[in-house]
Amino acid sequence: MIQACIPKFGNPDVFRIEEVPDPMPGKREVRIAVRASGVNFADILARKGLYPDAPKPLPIVVGYEVSGVVDAIGEGISDDLLGKEVIALTRFRGNATKVCVTEAAIFPKSKNMGFEQAAAVPVNYLTAWQLMVVMGGLSIDETVLIHNAGGGVGLAAIQIGKKIGATLIGTASAAKHERLHAMGLHHAVDYRDANWPQVVRNLTNGKGVELILDPVGGSYWKKNYQLLRPTGRLGMFGVSEVTASRLPGILRFIPLVLKAPLWSPFSLLENRGVFGVNMGHLWGEQAKVAVWGYDLMKGAEDGWLVPHVDRTFPLEDIAEAHQYIEDRKNFGKVVLTCT
Ligand SMILES: NC(=O)c1ccc[n+]([C@@H]2O[C@H](COP(=O)([O-])OP(=O)(O)OC[C@H]3O[C@@H](n4cnc5c(N)ncnc54)[C@H](OP(=O)(O)O)[C@@H]3O)[C@@H](O)[C@H]2O)c1
């Protein structure tokens, strides 16, 4: 099989495309002949050496999600799965033409989507679902602020928010606003305007919002918290601000630590809540996550869940795919394809 290996941390050109023996599925595992794999921001951070959950040691193969066909099964797996079209969360190694995963990590692929669209579902939609439905409890009469609305998680959040019927405000660079409105976002705000918290406040008649999805962290934590109206919840799921620092390696986290708010039980008693989401730390809860996955696949069958693939690149061109995301050119998901 072919895999995209990261032999050392650095720019996208560090990728090495290599041919290695096919992996064999272990007990209660299936092997997937990968047709497409999703690229996530976590992969970019891993390549730069900034992702604490990345596999260790180097060289590593990352990739959190794939779609494809089951082509081999391990002990304890029914023959019925052979040849089935599936979607899977992969605890890395998804940037390859074959990958083995546990049976619990696969979902049947909806017939309503192709392999490329299917590879855009697991991480983005499960994350947005956990933030908005499972932990965020968003309801029809509420307003949600979606940061990075033009990213993969952001677009998934817009579709889920639309399905719920809530009012949707999103931040994104100005070039993405028109397309975000067309997808159903009610109000787009340019986060490059330092005054964005006031713009959001004005949009809500000074009241603030009930739910915020925050993948940025750092300077955003306090600003977001202050934008919560009573009963508001802040869902944090990333620290992309870490990429802005010029400090080397793990030291880049120092400015974020210094900006971290000190929430006390007294401030939370003001009818506000904060919570964090990390899909990468839910491997011990696969049965729970599977239920969310089935709810989402039902959304695809019902027609409200339509993954937006911005661009595909052949697996061999993974360096170009990473560069494309780092240049902020993507609107939604970037997917790698295998022939
Ligand atoms: N905790 C979890 O389980 C979990 C799961 C999935 C994702 N995440 C996090 O959520 C965030 C978004 O993920 P995603 O998959 O939606 O990302 P994505 O599809 O790669 O999109 C990222 C978007 O964010 C904006 N952006 C902000 N800072 C950026 C930076 N430093 N470099 C490049 N783009 C930047 C860009 O839009 P503009 O043009 O508008 O700037 C870009 O289009 C990431 O921080 C990721 O680590 C966390």
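The exercises below, each with a worked solution, concern a predicted model of a protein with a bound ligand.

**Exercise 1. The shell around the ligand**

Determine how many residues surround the ligand, and which elements and domains supply them.

Solution.
Step 1. Count the shell: the ligand is surrounded by 23 residues. Gly152, Ser173, Lys176, Tyr191 and Met279 are the closest of these.
Step 2. Sort the shell by class. There are 11 polar, 10 nonpolar and 2 charged residues around the ligand.
Step 3. Assign the shell to helices. At least two residues come from each of α3 (122-134) and α4 (152-164). The top contributor is α3, with 3 residues.
Step 4. Assign the shell to domains. Domain 1 (2-121 + 307-337) and domain 2 (123-280) each provide at least three residues.

**Exercise 2. Polar side chains at the ligand**

Find the distances from oxygen atoms of the ligand to polar side-chain atoms of Ser173, Lys176 and Asn330. Then state what share of the ligand's accessible area the protein covers.

Solution.
Step 1. Use a cut-off of 3.5 Å between N or O atoms for a polar contact.
Step 2. For Ser173, a polar side-chain atom is 2.5 Å from a ligand oxygen atom.
Step 3. For Lys176, the distance from a polar side-chain atom to an oxygen atom of the ligand is 2.7 Å.
Step 4. For Asn330, an N or O atom of the side chain lies 3.2 Å from an oxygen atom of the ligand.
Step 5. Turn to the cover. On its own the ligand has 930 Å² of accessible area, and the protein covers 92% of it.

**Exercise 3. The second largest pocket**

Describe the second largest pocket by its volume and its lining.

Solution.
Step 1. The space in this pocket, the second largest, is about 220 Å³.
Step 2. Its lining consists of 17 residues, and Arg91, Phe92, Arg93, Val99 and Cys100 are the closest to the pocket centre.
Step 3. Strand β6 (residues 98-102) accounts for the largest share of this lining, namely 5 residues.
Step 4. By class, the lining of the second largest pocket divides into 10 nonpolar, 4 charged and 3 polar residues.

**Exercise 4. The largest cavity**

How many cavities of 30 Å³ or more does the structure hold, and what lines the largest cavity?

Solution.
Step 1. The structure has 3 cavities of 30 Å³ or more.
Step 2. The largest cavity contains about 80 Å³ of space.
Step 3. Its lining is made up of Leu89, Ala104, Ala105, Phe107, Met279, Leu282, Trp283, Gln286, Val289 and Ala290.
Step 4. Helix α10 (residues 286-302) gives the most to this lining, with 3 residues.
Step 5. Of the lining residues of the largest cavity, 9 are nonpolar and 1 is polar, with no charged residues.

**Exercise 5. The second largest cavity**

Locate the second largest cavity relative to domain 1 and domain 2.

Solution.
Step 1. The volume of the second largest cavity is about 60 Å³.
Step 2. The residues lining this cavity are Ala120, Asn124, Tyr125, Gly152, Leu155, Ala156, Pro307, His308, Gly332 and Lys333.
Step 3. The elements giving two or more residues to this lining are α3 and α4. The largest share, 3 residues, is that of α4.
Step 4. By class, 5 nonpolar, 4 polar and 1 charged residues line the second largest cavity.
Step 5. The second largest cavity lies between domain 1 (2-121 + 307-337) and domain 2 (123-280), because both give residues to its lining.

**Exercise 6. Backbone geometry in loops**

Identify the peptide bonds before Pro57 and Pro59 as cis or trans, and place Asn205 by its phi and its loop.

Solution.
Step 1. Lys56 and Pro57 are joined by a cis peptide bond, with omega about -10 degrees.
Step 2. The bond between Leu58 and Pro59 is also cis, with omega about 0 degrees.
Step 3. Pro57 sits in the loop between α1 (41-48) and β4 (65-73), and Pro59 is likewise in the loop between α1 and β4.
Step 4. Asn205 is not a glycine, yet its phi is positive, at about 55 degrees. The loop that holds Asn205 runs between α6 (196-203) and β11 (209-214).

Conventions. Residues numbered from 1 in each chain as written. Predicted model: local features only at pLDDT ≥ 70, side-chain atom pairs only at ≥ 80, totals over all residues. Heavy atoms only, no water. Near = heavy atom within 4 Å. Polar contact = N/O pair within 3.5 Å; in protein donor to acceptor, adjacent residues only side chain to side chain. Areas by Shrake-Rupley, 256 points an atom, 1.4 Å probe, with all protein chains shown as cover. Helix = DSSP H or I, 4+ residues; strand = E, 2+ residues; numbered from the N terminus. Nonpolar A, V, L, I, M, F, W, Y, C, P; charged D, E, K, R; others polar. Domains from an automatic or database assignment. 1 Å grid on protein atoms, 1.4 Å probe; cavity = no way out; pocket = protein on both sides within 12 Å on 5 of 7 lines; lining within 4 Å. Points joined across faces, edges and corners; volume = space filled by probe spheres on them.
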